Amino acid sequence: MSYFEDAFKEVLAVEKGFVNSKYDNGGKTKFGISQKSYPDLDIKNLTLNEAKLIYKNDFWDYEKLKLSKVDDKDIAIELFDTSVNMGQYRAGFILQTALNNMNRNERVFEDLEDDGWIGTETLKALRIVLRRGEKKQLLKVLNGEQYYWYKIIIKHNPEQEMNFVGWMKRVSM
């Protein structure tokens, strides 16, 4: 089952209209679509339907994320939001790291390679964690990993601290 419509609405609750902040590494953005990622796109005149199509094709259906194959709505939305804000690779990497960390005490699957690809093994591990009733814990770990990466971004570029409060809205989604 695809939860794309719900995920899109969640992201739009955080990502607003046109923004051109010197503190945004993406440059000009609209609905969270950045000029840096789409240099040939007229960001200022981007329509909501165009943004939705980009999110569907380049994020939700992106072959390395496979969000349409994530069986849990909350996890799928969390990963989608993370991919929009931090990139597709980072979202997959965070999921793999979180799953590996949750697997430490009781090894029920082989450690996942943290390559950022949500493939068959990552989906299998995710299903195991969810079947064990650990969804709430997984969401906390995903948010913890996201927070960690925000701190790394700020450490390497202190000007990015201006974005911290906004980023924290995503961590508590």
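In this predicted model, K73 forms a salt bridge with D6, and the closest N and O atoms of the pair are 3.2 Å apart. Because K73 lies in helix 3 whereas D6 lies in helix 1 (residues 4-14), the pair ties together parts that are 67 residues apart in sequence. Helix 3 recurs in the points below, which turn to its packing against helix 2 and helix 6 and then to the largest pocket.

**Salt bridges**
- Side chains of opposite charge can pair when their charged atoms come close.
- The count of salt bridges in the model comes to 13, and the pairing of K73 with D6 is a salt bridge too.

**Helix 3 against helix 2**
- The axes of helix 2 and helix 3 come within 11 Å and cross at roughly 100 degrees, and the two helices are therefore roughly perpendicular to each other.
- On the helix 2 side the contact is made by Y55, F59 and W60, which meet A76, F80, S83 and V84 in helix 3.
- By residue class, this contact of helix 2 with helix 3 divides into six nonpolar residues, one polar and no charged.

**Helix 3 against helix 6**
- The axes of helix 3 and helix 6 (residues 135-156) also come within 11 Å, but here they cross at roughly 5 degrees, which makes helix 3 roughly parallel to helix 6.
- Helix 3 contributes D74, I75, E78, L79, D81, T82, N85 and M86, which meet K135, L138, L139, L142, N143, Q146, W149, Y150 and I153 in helix 6.
- The residues of this contact of helix 3 with helix 6 divide into nine nonpolar, four polar and four charged.

**The largest pocket**
- The largest pocket holds about 980 Å³ of space, and of the 31 residues that line it, the closest to its centre are E15, D24, T29, N85 and W167.
- Two or more residues of the lining come from each of strand 2 (33-34), helix 2 (48-60), helix 3 (73-86) and helix 7 (164-171).
- The lining divides into ten nonpolar, 15 polar and six charged residues.
- N85, one of the residues closest to the centre of the pocket, is also among the helix 3 residues that meet helix 6.

Key: Residues are numbered from 1 along each chain as its sequence is written. This is a predicted model: local features need pLDDT of at least 70, side-chain atom pairs count only at pLDDT 80 or more; totals for chains, interfaces and linings use all residues. Side-chain values use heavy atoms; hydrogens and water are left out. On a 1 Å grid over the protein atoms alone, a cavity is a set of points where a 1.4 Å probe fits but cannot get out, and a pocket is an open set with protein on both sides within 12 Å along at least five of seven lines; lining residues have an atom within 4 Å of a point. Grid points are joined across faces, edges and corners, and a volume is the space filled by probe spheres set on the points. Helices (H or I, at least four residues) and strands (E, at least two) are DSSP runs, numbered from the N terminus. Ala, Val, Leu, Ile, Met, Phe, Trp, Tyr, Cys and Pro count as nonpolar, Asp, Glu, Lys and Arg as charged, and the others, Gly among them, as polar. Axes are lines fitted to C-alpha atoms, for helices over the stretch in contact, and angles run from 0 to 180 degrees between N-to-C directions. Angles under 35 degrees count as roughly parallel, over 145 as roughly antiparallel, 65 to 115 as roughly perpendicular and the rest as oblique. Contact means heavy atoms within 4.5 Å. A salt bridge is a side-chain nitrogen of Lys or Arg within 4 Å of a carboxyl oxygen of Asp or Glu.
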